[in-house]
Amino acid sequence: MNPKMKELREKAMKLPLSPGVYIMHNSKKEIIYIGKAKALKNRVSQYFGSQNNHPEKVRRMVDNVDYFEYIITDSEFEALVLEASLIKQNKPRYNILLKDDKGYSYIKISNEEYPRITEAKKPDGSGEFIGPYTSSYYVKNAVDQAIKIFRLPDCTRRFPEDFGKSRPCLNFHIKQCCGLCTGKIPKEEYLDTVRQAVDFLKKGTSISVKELEHEMYEAAENLEFEKAARIRDRITAVRRMSDKQKVVASKVRHQDVIALFSDGTDGCFQVFRYKEGMLYDRETFLIKDIGDENTAYSEFIVQYYTIREDIPPQITTDREIEDKESLNRWLESRTDKKVKLFAPQKGEQSHLVTMCKNNAAEVLAQSKNTQGRQYSVLKELGDLLGLAKVPSYIESYDISNLAGTENVAGMIVFENGRPLKSAYRKFKIKSFEGQDDYASMNEVLTRRFEEYHKLKDTNEGFGRLPDLILLDGGKGQISAVKPVLKAAGVDVPLFGMVKDDKHKTRAITDGQGEIELKSIRSCFTLVSQIQDEVHRFAIGYHHQRRSSSTFKSSLTDIDGIGKTRAKNLLKHFGSIKNIKEAELEELENAPTMTKNAAQAVYSFFHKKGETDDC
């Protein structure tokens with residue numbers, strides 16, 4: 001904790017209730033954070049009060065503050081303008097900082113005997129270049145479309161050197177390549193196809209289709225029916241590709257769609273950019289330690305439109321912006337046009353926002369080696385349970401016994417929505433005899449967190465704290481475990497999985513009330529999967545213990561064989577069947593065995609076998 005906390009709070013409490021900008025410095029006099037406030041006293045004093053409600057990023061920033069400065073402004077809008085300018089100049093480490101690394105892209109038509117169409121970052125080397133384009137996304141899509149529509153090769157073969165050297169690839173057989181490698185395509189025909197593809201890239205869909213139709217009719221009049229059929233197929237492909245684009249089209253002709261997906265720690269902003277109603281660009285920004293989402297959202301919009309000059313008349317967002325009025329004025333001051341910040345609740349625009357957010361979730365999930373769909377389900381579960389972060393690492397516990405015998409527990413782990421079997425653990429209840437599921441759960445969690453305190457520096461296995469604990473059971477299990485977490489000094493969300501009379505997942509409880517799951521299909525499926533898996537694992541361990549106990553009891557019926565010898569025999573031979581089939585000499589050579597004990601075991605099984613055959 002910052003040793004200057006009291007001094008900083010006293011200074012903050014003396015600030016005026018005026019709008020302005022505050023500037024946090026560390027002990028090296030470096031600026032580490034710049035923020036704006038409608039009322040400086042209220043905003044700045046929050047940093048130096050209780051740290052319990054602050055995100056981890058804010059706590060770290062506050063720990064590094066040595067002193068702060070402030071600048072009073074006449075309005076919140078002026079504070080926003082000043083904040084944006086100061087952040088751009090100083091680049092404080094705890095502010096969201098976006099890199100303007102978006103270069104230009106080009107479409108290249110190579111200068112070869114058989115030209116290729118490719119993407120290029122720079123107009124280097126020989127050949128024709130179309131561009132520059134500010135969107136690499138547009139260039140990639142345009143080149144891919146041209147290659148597919150006109151069935152041009154995109155392989156690494158060299159022409160004409162590689163004509164006829166090997167069989168055509170799969171693209172030829174599924175009619176996505178003309179098969180230039182066969183050497184059967186006339187050079188003039190290939191060059192004409194490349195020309196048509198370049199016209200398509202330069203002039204766009206509608207003009208390209210009109211020119212292709214003219215060429216098709218001309219070929220038909222000249223009785224070149226094969227050529228006319230090929231052009232007809234290209235026209236069909238162009239129109240089909242255009243129809244696909246309509247899937248991501250928007251009735252709003254010019255807009256940006258912005259969405260944020262956060263797991264409570266990190267976040268991903270996705271920006272879809274539309275012109276002429278079509279998606280022409282998309283950008284992704286991963287933000288580590290995102291902190292407060294609403295603050296981050298406002299910071300992102302300011303940063304993004306500081307590095308992007310093209311501000312559209314509408315910016316569609318996945319949530320209402322806190323300082324919407326000031327942001328509107330700032331955006332309009334940069335573009336000299338009216339700008340609308342819009343958070344849709346339904347309709348086409350809401351669908352676009354959802355698609356944008358799903359893509360943000362997918363990118364964030366991939367950065368954490370999981371899948372967007374699973375990550376979205378975990379986010380939904382976290383929101384349902386009121387968790388501060390996405391429960392990426394979940395531990396679940398279940399007790400299993402038979403009338404109080406062979407009392408055991410199983411612990412399973414789900415990481416990023418999938419079982420992490422290497423982290424599964426088994427527990428044999430040691431502190432009492434008989435059946436008491438509550439006491440068993442208490443013992444298991446006590447032992448688990450004792451191990452945590454031994455291993456927490458490793459952050460592996462028991463040294464890692466889960467984001468969520470799910471117990472197989474209801475209020476009683478929760479009540480038995482809550483004191484364990486408190487005594488261990490750990491703050492981990494704890495819930496019980498409640499079953500119906502058919503032993504199926506029905507709800508989740510925090511010990512006070514129940515949260516129904518069946519109406520939220522994705523969460524219901526995940527929790528049911530966890531509950532089924534932990535039950536299977538605990539039952540499996542119980543059966544294993546019972547089988548082992550049964551085997552041992554059959555051995556201890558033999559004169560001279562106690563629990564230690566029975567255990568050693570099972571360990572040495574692996575099973576009762578192998579002991580029964582062992583020769584006398586093998587039994588004598590087993591650990592802790594004597595000749596008399598070996599003879600007793602041998603006689604027991606062979607006599608029993610003779611009786612069974614009768």
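Are Tyr304 and Tyr305 buried or exposed? I opened the notebook with this point and found that Tyr304 is buried, and that Tyr305 is buried as well. I note at the outset that I am working from a predicted model, and that what follows was computed from it.

**Entry 1: aromatic rings**

I looked up the ring pairs and found a count of 20 aromatic pairs. For Phe269 and Tyr297, I read a distance of 5.5 Å between the ring centres and an angle of 75° between the planes, so I entered the pair as edge-to-face. I then checked where the two residues sit: Phe269 belongs to strand β8 (residues 267-275) and Tyr297 to helix α10 (residues 293-307), so this pair ties together parts that are 28 residues apart in sequence. Both Phe269 and Tyr297 are buried.

I went back to Tyr304 and Tyr305, whose ring centres are 4.9 Å apart with planes at 90°, so this pair too went down as edge-to-face. Following the ring pairs further, I found that they link Phe269, Phe285, Tyr297, Phe300, Tyr304 and Tyr305 into a cluster.

**Entry 2: charges over rings**

I next searched for charged ends placed over rings, and noted that the charged end of Lys11 sits over the ring of Phe68, at 4.5 Å from the ring centre. I also noted Arg464, whose charged end sits over the ring of Tyr393 at a distance of 3.7 Å from its centre.

**Entry 3: strand β10 and its partners**

I followed strand β10 (residues 314-317) residue by residue, and saw that Gln314 and Thr316 point one way while Ile315 and Thr317 point the other way, with all of them buried. Which strands does β10 pair with? I found four bridges joining β10 to strand β7 (residues 255-262), the two running parallel, and three bridges joining β10 to strand β11 (residues 340-342), again in parallel.

Thr316 was a convenient residue to follow across these strands: Val257 stands opposite Thr316, and in β11 the bridge partner of Thr316 is Phe342. I also recorded that β10, helix α11 (residues 324-335) and β11 make a right-handed β-α-β unit.

**Entry 4: Thr509**

I located Thr509 in strand β18 (residues 505-509). Its relative accessible area is 5%, which is under the 20% limit, so I counted Thr509 as buried. Leaving aside residues up to four places away in sequence, I listed what Thr509 touches, namely Gly473, Gly474, Lys475, Ile478, Phe495, Gly496, Val498 and Glu514. Looking at its side chain, I found a polar atom of Thr509 lying 2.9 Å from the backbone nitrogen of Gly511. I also looked up Glu362, which is 147 residues from Thr509 in sequence and 30 Å from Thr509 in space, C-alpha to C-alpha.

**Entry 5: Asp467**

Where does Asp467 lie? I found Asp467 in the loop between α14 (437-455) and β16 (468-472). With a relative accessibility of 15%, Asp467 is below the 20% limit and therefore counts as buried.

I then looked at the side chain of Asp467, which makes a polar contact with the side chain of Lys389 at 3.5 Å, and which has a polar atom 3.1 Å from the backbone nitrogen of Ser392. The residues that Asp467 touches, not counting those up to four places away in sequence, include Lys389, Ser392 and Tyr393. I noted Tyr393 again here, since its ring is where the charged end of Arg464 sits.

Methods:
Residues are numbered from 1 along each chain as its sequence is written. This is a predicted model: local features need pLDDT of at least 70, side-chain atom pairs count only at pLDDT 80 or more; totals for chains, interfaces and linings use all residues. Side-chain values use heavy atoms; hydrogens and water are left out. Rings of Phe, Tyr and Trp (its six-membered ring) pair if their centres lie within 6.5 Å; planes under 30 degrees apart count as stacked, over 60 as edge-to-face and the rest as tilted. Buried means under 20% relative accessible area, exposed over 50%, partly exposed in between (1.4 Å probe, protein chains only). A charge sits over a ring if NZ of Lys or CZ of Arg is within 6 Å of the ring centre and within 35 degrees of the ring normal. Two strands pair if DSSP finds at least two bridges between them. A crossover is right-handed if, with the strands pointing away from the viewer, the path from the first strand over the helix to the second runs clockwise. Contact means heavy atoms within 4.5 Å. A polar contact is a pair of N or O atoms within 3.5 Å; within protein, one must be able to donate a hydrogen and the other to accept it, and residues adjacent in sequence count only if both atoms are side-chain atoms.
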